[in-house]
Amino acid sequence: MSTMQATTVSCPNCGRTNRVPVAAEGRPRCGHCKQPLPWMVDAGDDDFTEVAERADVPVVVDLWATWCGPCRMVSPALEKVATDLAGRIKLVKVDVDKNPRLSRRFDVQAVPTLLVLDRGETVARQAGAAPAPALRQWVEQSITTREG
């Protein structure tokens, strides 16, 4: 995988569109107002190490499937959490059907399965959907425990 791959996000602060690399050192900031940007990317068996495990920030991994109703419900909630915690976390989405090695590695028994990784180490795990406030609390507790 090339770190030249990027996604496009709108800055929650000023609304400008920014290109954000899927893998990079540091934390993405808006090119216009310099505020932190939400970092939301897809990863798979071949690029997960570069995209998720080498990230400088804690990574929330969403192990999901296209056929899963709760996965489709939790996705907007996770995107809200990633936006609210811009600069503090990276959201990495993994389709378990397309990425069987990661599914086996993380012993996915149900989808969605959510992980918080810090430098590649799993520091928190939960299965099932939850509303955005509950997800945010879970993520913040997971990263605060690690930071403190």
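Trainee: Is C30 buried or exposed?

Mentor: The term rests on relative accessible area: buried means under 20%, exposed over 50%, and partly exposed in between, using a 1.4 Å probe and protein chains only. C30 has a relative accessible area of 1%, so C30 is buried. Please note that this is a predicted model, in which local features need pLDDT of at least 70 and side-chain atom pairs count only at pLDDT 80 or more, while totals for chains, interfaces and linings use all residues. Residues are numbered from 1 along each chain as its sequence is written, and side-chain values use heavy atoms, with hydrogens and water left out.

Trainee: How many disulfides does the structure hold?

Mentor: A disulfide is a pair of cysteine sulfur atoms within 2.5 Å. The structure holds 1 disulfide. It joins C68 to C71, with an S to S distance of 2.5 Å. The link of C68 and C71 is right-handed, with 80° about the S-S bond. Both of these cysteines, C68 and C71, are buried.

Trainee: Which cysteine sulfur is nearest to that of C11?

Mentor: The nearest is the sulfur of C33, 3.6 Å away, and C11 is in no disulfide. C11 counts as buried because its relative accessibility is 4%. C30, with which we began, is likewise in no disulfide; its nearest cysteine sulfur, that of C14, is 3.6 Å away.

Trainee: How many salt bridges does the structure hold?

Mentor: In a salt bridge, a side-chain nitrogen of Lys or Arg lies within 4 Å of a carboxyl oxygen of Asp or Glu. The structure holds 8 salt bridges. In one of them, the side chains of K93 and D62 meet at 2.7 Å, N to O. This pair links distant parts of the chain, 31 residues apart: K93 lies in strand β5 (residues 90-95) and D62 in strand β4 (residues 59-64). Strands (E, at least two residues) and helices (H or I, at least four) are DSSP runs, numbered from the N terminus. Both K93 and D62 are buried.

Trainee: In which helix do D84 and K80 lie?

Mentor: Both lie in helix α2 (residues 69-84), 4 residues apart, about one turn of the helix. Their side chains meet in a salt bridge at 3.0 Å, N to O. D84 has a relative accessibility of 34%, so D84 counts as partly exposed. K80 is also partly exposed, because its relative accessible area is 44%. In addition, K80, D84, R88, R136 and E140 are linked in a network of salt bridges.

Trainee: With which residue does R119 form a salt bridge?

Mentor: R119 forms a salt bridge with D118, and the closest N and O atoms are 3.0 Å apart. R119 counts as exposed because its relative accessibility is 62%, whereas D118 is buried, with a relative accessible area of 7%.

Trainee: In which strand is T113 found?

Mentor: T113 is found in strand β6 (residues 113-118). With a relative accessible area of 2%, T113 is buried.

Trainee: Which residues is T113 in contact with?

Mentor: Contact means heavy atoms within 4.5 Å. Leaving aside neighbours within four places in sequence, T113 is in contact with V61, D62, L63, V108, R125, Q126 and A127. D62 in this list is the residue that meets K93 in a salt bridge. Moreover, the side chain of T113 reaches the backbone oxygen of A110 at 2.4 Å.

Notes. A polar contact is a pair of N or O atoms within 3.5 Å; within protein, one must be able to donate a hydrogen and the other to accept it, and residues adjacent in sequence count only if both atoms are side-chain atoms.
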